[in-house]
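Visitor: I should like to take a close look at a single part of this structure. Please guide me through it step by step.

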Amino acid sequence: MKFVDIHHDQWRTVGGEDGPVSHPPIKSYSLLTLGQWHAVREQWPAPGTPDHKPVGVIVPNDTDIETLEADAAKLSLVVLNFPKWVDGRAYTQAHILRSRYRFQGEIRATGEVLVDMMSLLKRTGFDAVVLRGDQDRVAAERALGFFTARGHYQGDVQVTKPVFARSA
C-alpha cells in the first residue's frame, strides 16, 4: 500500500480562481474531476502513443463506476472518496474497477480514511491511500500485516477463491 503525502504528490488538480476549469489543458499528471474528464476524454492521447500524458480522475462515491468502463485503459489513477468512514460505496467501486474492468492503474482512497480500513481497502483493490490527518502511518502499515493471505475466508481481488476452494 502506498501512503500518499498530498504536499509531495505529483498529481495536480486543474482549477482556476473560480474552481475547476471546464476544459483543462492536456498535461501530465493532471487529476481531473469526472466532469472535466468527460469534456476532454476524446482528445486525451491514449497510452502507447508518443504524446500520451498520464491522467487521473476523481470519482465521487455516489457515481456509478460503470461510467469509467470505456475509459479504464486511458486512466493512470482513479481517486475514490470516503466522505464518512461508515460509507463503504468506494469499496464497491474499487472492486468493480479491479475485478470487472481489470483496471491496472492506481486506485487511491481519500477522505475519511482510517487505520482500521487498511485491510479491506487492500482486499477490494485500493493500492494507495491519503490517511485522514489524525491517523498514524506506522499504525496503518502495521494494520496491513494483521492478516495473511490465508487469513480471510472470502475471496478478494487478489485471491479470488474462498479458502475452501484453494489448493492446500
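With which residue does Arg100 form a salt bridge, and how far apart are the closest N and O atoms?

Guide: The model is a predicted one. In it, the partner of Arg100 is Glu66, and the closest N and O atoms of the two residues are 3.2 Å apart. This pair links distant parts of the chain, 34 residues apart: Arg100 lies in the loop between α2 (89-99) and β8 (106-111), whereas Glu66 lies in the loop between β6 (55-59) and β7 (77-82).

The accessibility of each partner may be considered next. Arg100 counts as exposed, because its relative accessibility is 53% and the term applies to values over 50%. Glu66 has a relative accessibility of 29%, so it counts as partly exposed.

Another salt bridge involves helix α2 itself. Asp127 pairs with Arg98, and here the closest N and O atoms are 3.0 Å apart. Because Arg98 belongs to helix α2 and Asp127 to the loop between α3 and β9 (128-129), this bridge ties together parts that are 29 residues apart in sequence. Arg98 counts as buried, since its relative accessibility is 16% and the limit for that term is under 20%. Asp127, at 31% relative accessibility, counts as partly exposed.

The pair formed by Asp134 and Arg132 is also a salt bridge, with its closest N and O atoms 2.7 Å apart. Asp134 is exposed, with a relative accessible area of 54%, while Arg132 is partly exposed, the corresponding value being 25%.

For the wider setting, a search of the whole structure finds 11 salt bridges. Some residues are joined in a network of such bridges, namely Lys2, Asp9, Glu106 and Arg108.

A view of helix α4 may complete this account. The helix comprises residues 137-144, and its buried residues are Ala139, Ala140 and Ala143. These three cover an arc of only 100° around the axis, which means that they lie on the same side of α4. A general rule is useful here: an α-helix has 3.6 residues a turn, so residues three or four places apart point the same way. The buried residues of α4 pack against two elements, β1 (2-3) and α3 (118-124).

Technical notes
Residues numbered from 1 in each chain as written. Predicted model: local features only at pLDDT ≥ 70, side-chain atom pairs only at ≥ 80, totals over all residues. Heavy atoms only, no water. Buried < 20%, exposed > 50% of the residue type's maximum accessible area, 1.4 Å probe, protein only. Helix = DSSP H or I, 4+ residues; strand = E, 2+ residues; numbered from the N terminus. Arc of directions from axis to C-beta. Contact = heavy atoms within 4.5 Å. Salt bridge = Lys/Arg side-chain N within 4 Å of Asp/Glu carboxyl O.
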